[in-house]
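Trainee: Could you help me learn to read a protein model, one feature at a time?
Mentor: Gladly! Let's look at it together.

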Amino acid sequence: MNSTVGKGKTKTALVLAFAATLASAPLVSSVNTASAAASGYKIIEQSIEVNGKTVALPAINTDSTTYVAIRSLNNEIGLNTRWDKASNTVTVTGRDRELVLNLGDGSATLNDQRIYGLPSILQSNTTYVPFRFLLERMGYGVSYDPATKAIGVQAIQENALKIATETIREEGTRRSISVNYPLISGMANEDVQKKINDTLKTDAELNTELARQSLEVALDDEVGTYDVSFDGTYTITYNEQDKLSLYVNYYIYTGGAHGSTARVTYTFDLKTGKQLTLADAAGGNEKYVSIINDHIQSQLKARGIGLLNPFKTIEPDRDFFLKHNGIVVFFTEYEYTPYAAGMPEFEVPFSAFE
């Protein structure tokens, strides 16, 4: 969970307070593309509606995830794809974004920031990428109809602004820090732009300082020879309708089997620079808490998510972020689910609050 010091003030990651007692694994589990290819996945023709036109694309369905042949998909939606044999990477460009997929180690970078998610699958000299992972990060909305199993894709009409990456980076003896945060430019109202940028920068610096202290304590107390680290990675989840929503995942490792991750969320009104509450995002619907609870309970059952303790209700000021089709709330690590479950997300469509 996050800690908010005063309304609209600095957000810090509570994970830093107990991180020294936890231990490190990647933020999301990684699968080497070579071993994935060796399993010989079944290739199907996936029907996808792209801006109103239905096309059939080569795809793989595995582990409840749809992977699509990246070149075939990009040809349909207008993105550019380039493969570099020397570096064994695939680069996707378009919509002011550059996504680089490393087929060797399964890593990915978006606009020079490393991002985390399921790796690509390489089979029969064709690269298959997680469908939703790719499109949502390249500025497309994805819909799915469970009844017909139809997948829809639409280019999102985004706000007219640019987003660059700023980095706080430190290297020391057996200690490293790398925290990314977004820098907004191109807004008509420079005062609002500065207000948003100051908030993001201040929070990143404060979380880094808290982490720095935790890392030093861990090094002073340690009896092993492990390296300690702190990383921050941001994800823009919504950039529409004069609103900007994103989260920053802070991951700290101070020794042991795995580290821990805390998520700090932001949803800005781009007209004022104000951070919206969950009640604001729900459009003033007085029953928003019960509406979200019902959707979480339904999704828990449908997805077969096992809980460490029963879920009853969210807090009225629960952390959230926006996506193209709705509001997303999530469980923090160990809150209701085991570490391996990560931070399960539950999307509630905007229409549920109408």
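Trainee: Let me start with a pair of strands. Which residue in E18 is the bridge partner of Thr235?

Mentor: Before we begin, keep in mind that this is a predicted model. To read paired strands, find the residues that face each other across the pair. Here the partner of Thr235 in E18 is Tyr247. Thr235 and Tyr247 belong to a longer ladder: strand E17 (residues 228–240) and strand E18 (residues 243–253) run antiparallel and are joined by 11 bridges.

Trainee: How do I place that pair in its sheet?

Mentor: Write down the order of the strands, then look at the ends. This open sheet has five strands in the order E15-E16-E17-E18-E19, and its pairing is mixed. Strand E15 (162–172) and strand E19 (260–269) are at the edges; each has a single partner strand, so one side of each has no neighbour in the sheet. On average, neighbouring strands here are turned by 15° against each other, ignoring direction.

Trainee: What packs on this sheet?

Mentor: Helix H5 does, touching E15, strand E16 (175–185), E17, E18 and E19. The direction of H5 makes about 175° with that of E16.

Trainee: And how do I check the length of a helix like H5?

Mentor: Compare its span with the expected one. H5 covers residues 190–221, 32 residues in total, and its first and last C-alpha atoms are 46 Å apart, close to the 46 Å expected at 1.5 Å a residue. Look at the start of H5 too: a side-chain oxygen of Asn189 comes to within 3.1 Å of the backbone nitrogen of Asp191.

Trainee: Is there another sheet to practise on?

Mentor: Yes, an open one of five strands with antiparallel pairing, in the order E6-E7-E8-E9-E10. Its edge strands are E6 (80–84) and E10 (113–115), each pairing on one side only. Neighbouring strands of this sheet are turned by 25° on average, again ignoring direction.

Trainee: Which residue of E8 stands opposite Thr89?

Mentor: That is Asn102. Strands E7 (residues 89–94) and E8 (residues 97–102) pair in the antiparallel sense over six bridges. Helix H3 (residues 70–77) lies across E6, E7 and E8, and runs at about 150° to E6. As you look along any strand, remember a general idea: in a regular strand, side chains alternate between the two faces of the sheet.

Trainee: How do I read a nonpolar core?

Mentor: Ask which residues have the most contacts inside it. The largest nonpolar core has 28 residues, and Ile48, Leu99 and Phe131 have the most contacts within it. Helix H4 (residues 131–137) gives the most to this core, with four residues. Leu99 is a good one to click on: leaving out residues up to four places away in sequence, its contacts include Val90, Leu110, Ile115 and Met138. Apart from this core lies another, of 27 residues, among them Val192, Ala218, Tyr234 and Tyr250.

Trainee: Is strand E12 mostly covered or uncovered?

Mentor: Covered! Four of the five residues of E12 (residues 126–130) are buried. Now look at its partners. Strand E5 (residues 65–69) pairs with E12 in the antiparallel sense over three bridges, and Tyr67 stands opposite Pro130. Strand E11 (residues 121–123) also runs antiparallel to E12, joined to it by three bridges, with Ile121 opposite Tyr128.

Trainee: What should I look for in the hairpin of E11 and E12?

Mentor: Look at the turn. Two residues lie between the strands, and Ser124 takes a positive phi near 50°.

Key: Residues numbered from 1 in each chain as written. Predicted model: local features only at pLDDT ≥ 70, side-chain atom pairs only at ≥ 80, totals over all residues. Heavy atoms only, no water. Pairing = 2+ DSSP bridges. Axes fitted to C-alpha atoms, helices over the stretch in contact; angles between N-to-C directions. Contact = heavy atoms within 4.5 Å. Expected span 1.5 Å × (residues − 1). Polar contact = N/O pair within 3.5 Å; in protein donor to acceptor, adjacent residues only side chain to side chain. Core = buried A, V, L, I, M, F, W, Y, C linked by side-chain atoms within 4.5 Å. Buried < 20%, exposed > 50% of the residue type's maximum accessible area, 1.4 Å probe, protein only.
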